[in-house]
Amino acid sequence: MEKIIRIAVQKSGRLSDDSLKLIKECGIKFYNGTGKLKSTATNFPIEFLFLRDDDIPGYVADGVADLGIVGENELVEKDKKVQTLKKLGFSKCRLSLAIPKGQTYSGLSYFEGKNIATSYPKILGDYLTEKGINAEIHEISGSVEIAPSIGLAEGICDIVSSGSTLMMNGLKEVEEIFTSEAVLIANENLASWKQEIVEKLLFRMNAVQKGKSNKYVLLNAPNHALDKIISLIPGMRSPTILPLAQEGWSSVHSVLNEDQFWENIEELRAAGAEGILVVPIEKMVI
Ligand code: ATP
Ligand code: MG
């Protein structure tokens, strides 16, 4: 049998584009025609299953898929036994409680004895238990926001990103109960040959992630300022210094975290740096 691992990704929705983009950035090529439920990479031993996100934790727990990409909200809600290998930094959202706009919110006790509609009964139930609130949870699978206006519930608990859907339905957000982003999950009992392939994939994902948070910086500096400038942008091992054609000047090349760059920009300029270029890095292996 050919040695190949299987990853479950969302077929279409708010996770799919970024999941597939990450895999492509890892240099993995595959055909992704619309409507296809399975696809095999042409240059890496991995096969894709395109599924509804609700089913991904279960498929990975059962070993139908070895890996999966899913939101933490869905992962915690489904409560399946899988391992989380990595946070992926996309599909960030929050799960919040919301009530009709006109109501006065007095704190969590507002929900005591009330009826709350949600697609996340486990996360909400655990939260309410922890806070000592007794409320009735009404599970519905979609369009949760209309529940209060049709008299189905007095409040809701749902995913919020900008809040505009809440507003359109006459609701206001009152408590954030959970924050979520996409994660890479794995079956808990992977055979060692599968683990080796997973390690290769993780190595590539880490290189892509590091590349994104770091920048390649080039600048010109008078030679007398080099010590100061090197201390501000120390780089991976140390910066590259190249002489400019103009006597007494050098070009300094370094790699640094984007936040670190913005923190140091004023000091760099004060030290005499000029002609500063900041270039994206595609991949970074330390
Ligand atoms: P499926 O048909 O696969 O079941 P779905 O309708 O359940 O899809 P989507 O709306 O595509 O789910 O959202 C998938 C996941 O993306 C959510 O579970 C959540 O983790 C995340 N997500 C949801 N809304 C947003 C948002 N507005 N911004 C960023 N991420 C979001
Ligand atoms: Mg879903």
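**Questions about the terms**

Tutor: Start with Ile23, which is in helix H1, residues 16–25. This is a predicted model, in which local features need pLDDT of at least 70 and side-chain atom pairs count only at pLDDT 80 or more, while totals for chains, interfaces and linings use all residues. Residues are numbered from 1 along each chain as its sequence is written, chains are lettered from A and ligands numbered from 1 in the order in which they are written, and side-chain values use heavy atoms, with hydrogens and water left out.

Student: Why is Ile23 called buried?

Tutor: Buried means under 20% relative accessible area, exposed over 50%, and partly exposed in between (1.4 Å probe, protein chains only). Ile23 has 3%. That is under 20%, so Ile23 is buried. The C-alpha atoms of Ile23 and Leu201 are 8.9 Å apart, although 178 residues separate them in sequence.

Student: Ser19 is also found in H1. What makes Ser19 count as buried?

Tutor: Its relative accessibility is 0%, so Ser19 counts as buried. From Ser19 to Val70 is 9.0 Å, C-alpha to C-alpha, across 51 residues of sequence.

Student: Why is H6 called a helix?

Tutor: A helix is a DSSP run of H or I with at least four residues, a strand is a run of E with at least two, and numbering goes from the N terminus. H6 covers residues 192–213 and has 22 residues, so the length rule is met.

Student: How do you know that H6 is close to its expected span?

Tutor: The expected span is 1.5 Å times one less than the number of residues. For H6 that gives 32 Å, and the first and last C-alpha atoms are 31 Å apart.

Student: Which residues of H6 are buried?

Tutor: Among them are Ile197, Val198, Leu201, Leu202 and Met205. An α-helix has 3.6 residues a turn, so residues three or four places apart point the same way.

Student: Is Asp79 buried or exposed, and why?

Tutor: Asp79 has a relative accessible area of 53%, over 50%, so Asp79 is exposed. Asp79 lies in the loop between helix H3 (72–78) and strand S5 (83–87).

Student: What is phi of Asp79 near?

Tutor: Phi of Asp79 is near 55 degrees, a positive value in a residue other than glycine. Most residues other than glycine have a negative phi. Ser91 is not a glycine, yet has a positive phi of about 50 degrees. Ser91 lies in the loop between S5 and strand S6 (93–100).

Student: What makes Asp54 partly exposed?

Tutor: Asp54 is at 25%, between the 20% and 50% limits, so Asp54 counts as partly exposed. Asp54 sits in the loop between strand S3 (46–51) and helix H2 (56–62).

Student: Which residues come nearest to ligand 1?

Tutor: Of the 14 around ligand 1, they are Gln10, Arg14, Asp54, Asn73 and Ser161. A residue counts as near if one of its heavy atoms lies within 4 Å.

Student: How do you know that Asp54 makes a polar contact with ligand 1?

Tutor: With a ligand, a polar contact is a pair of N or O atoms within 3.5 Å. A polar side-chain atom of Asp54 is 2.6 Å from an oxygen atom of ligand 1, so the pair qualifies. Side-chain N or O atoms of Asp53 and Asn73 also pass: Asp53 is 2.8 Å from a ligand oxygen, and Asn73 is 2.7 Å from one. Taken alone, ligand 1 exposes 640 Å², and the protein buries 77% of that.

Note on methods: Polar contact = N/O pair within 3.5 Å; in protein donor to acceptor, adjacent residues only side chain to side chain. Areas by Shrake-Rupley, 256 points an atom, 1.4 Å probe, with all protein chains shown as cover.
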